[in-house]
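Thanks for coming. I have one structure to go through today, and I will start with a pair of helices before moving on to cores and salt bridges. Please have a look at it first.

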Amino acid sequence: MSSEFDIIRRYFTRTAPQAVLGIGDDAALIDVTPGTELAVSTDTLVCDRHFFAATDPYRLGHKSLAVNLSDMAAMGAKPRWALLALTLPQQLVKHNETWLQQFSAGFFALADKHQVELIGGDTTAGPLNIGIQILGEIAKGKALRRSGAKNGDDIWVSGMLGNAALALNHELGKITLQPDEIDQCLPALLTPEPRIELGQRLIALAHSAIDISDGLLADLGHILENSGKSAVIQLESIPCSAVLKKRLPQSQALHCLLAGGDDYELCFTAPAAHREAVAGLSTELGIPLTRIGEIAAGEGLIVTDAHGKTLTLETTGYDHFTTRN
């Protein structure tokens, strides 16, 4: 059975030329670019709460980093370095080192795509648990925050929402998708694509932003709370796949769209004067950007149907202490 240091050396030790000192000492050393601030975030993925034990390890390696990169995207930051804390069951290490090969391959494929260096972390034995800390850079004073929404701002979302939650509900046996439908939805759950370039380009256009990890209602709600604003969004405007749309307005599908989580798209607010620029950015990057509502004074979030009627919703969003797979 491999030791802790064997695992680090064989699967996770790589050169880190952007760092002063990478893996191999008591701490890494980094030299921050002059005129920038550090953006720092961390996420933990726990087996049987955030992913299934049988999840393909390559895809799990990708997603583990992707959820952290999504936080950088929401701030408009350039991701630079990552640290990985990996807790591994002894049986997995003893009998299935292919898992480590595939996990690290998925992790580094996405890291290389975004020029992120792994500069440290920890490995230990125990129930499967993946913790990643991400560090990025943003020009001083330019970070997108949750607190910047202004009255009259348009509310936008990137991509499509709800497919990841729809795939998860299929895996849990709560709904049944056809084979072609699950093929369309599973990539959103297993290999989300963080909107790094979009986030950086929004610095000049948006007043506030957040990544949609716990569901649209919950995460837009964070913008409203931090900005001291209210909002009205239109259900019919929220972008979703044909697979999900044909199941609306069934309650399970509605929950997936509004509160299912795991979307890792960006929700942002921008002044109406920037509509044309946002539309142009959508075309340039090849990412759908959809206007779904408007920021206003006051408190609360209202969702209306196609006839302008306010919907009564019991769903809120993912809660790491109450929601289970």
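Are α5 and α6 roughly parallel or roughly perpendicular to each other? Before I answer, note that this is a predicted model. The axes of α5 and helix α6, residues 179-190, come within 7 Å and cross at roughly 110°. An angle of 65 to 115 degrees counts as roughly perpendicular, and therefore α5 and α6 are roughly perpendicular to each other. In general, two packed helices are described by the angle between their axes and the distance between the axes, which is how I have put it here.

On the α5 side, the residues in this contact are N163, A164, L166, A167, L168, H170 and E171. They meet I182, Q184, C185, L186, A188 and L189 in α6. Sorted by class, that contact has nine nonpolar residues, three polar and one charged.

α5, residues 163-171, also turns up around helix α10. Helix α10 runs over residues 251-259, and its buried residues are A253, L254, C256, L257, L258 and A259. What covers them includes α5, α8 (216-227) and α9 (242-245). Just after α10, G261 takes a positive phi of about 80°.

Now the cores. The largest nonpolar core has 51 residues, and F12, L88 and I130 are those with the most contacts inside it. There is a second, separate core of 38 residues, and L254 of α10 is one of its members, along with L224, L235 and L244 among others. As background, in soluble globular proteins nonpolar side chains tend to be buried together.

Back to I130. Leaving out residues up to four places away in sequence, I130 touches D43, T44, L45, F51, L60, S64, L84, A85, L86 and F103.

One residue in helix α2, residues 57-75, is worth a stop: S70. Is S70 buried or exposed? It has 0% relative accessibility, so S70 counts as buried. With residues up to four places away again left out, S70 touches P194, D211, Y264 and L266.

Next, salt bridges. How many does a search of the whole structure find? The search finds 10 salt bridges. I will take three of the pairs and then a network.

The side chains of E265 and R195 meet at 2.8 Å, N to O. E265 lies in strand β8, residues 265-270, and R195 in the loop between α6 and α7, so this pair ties together parts that are 70 residues apart in sequence. Both E265 and R195 are buried.

The second pair is E197 with R201, at 3.9 Å, N to O. Both are in helix α7, and because they are four residues apart, about one helical turn separates them. The general point is that an α-helix has 3.6 residues a turn, so residues three or four places apart point the same way. E197 is partly exposed at 46% relative accessibility, and R201 is partly exposed too, at 33%.

R201 also forms a salt bridge with E284, at 2.9 Å, N to O. This pair links distant parts of the chain, with R201 in helix α7 and E284 in helix α11, residues 275-285, 83 residues apart. E284 has a relative accessible area of 53%, so it counts as exposed.

Last, the network: E181, K246 and R247 are joined into one by salt bridges that share partners.

That is all I have. Questions are welcome.

Methods
Residues are numbered from 1 along each chain as its sequence is written. Side-chain values use heavy atoms; hydrogens and water are left out. A nonpolar core is a set of buried Ala, Val, Leu, Ile, Met, Phe, Trp, Tyr and Cys residues joined through side-chain atoms within 4.5 Å. Buried means under 20% relative accessible area, exposed over 50%, partly exposed in between (1.4 Å probe, protein chains only). Contact means heavy atoms within 4.5 Å. Helices (H or I, at least four residues) and strands (E, at least two) are DSSP runs, numbered from the N terminus. Axes are lines fitted to C-alpha atoms, for helices over the stretch in contact, and angles run from 0 to 180 degrees between N-to-C directions. Angles under 35 degrees count as roughly parallel, over 145 as roughly antiparallel, 65 to 115 as roughly perpendicular and the rest as oblique. Ala, Val, Leu, Ile, Met, Phe, Trp, Tyr, Cys and Pro count as nonpolar, Asp, Glu, Lys and Arg as charged, and the others, Gly among them, as polar. A salt bridge is a side-chain nitrogen of Lys or Arg within 4 Å of a carboxyl oxygen of Asp or Glu.
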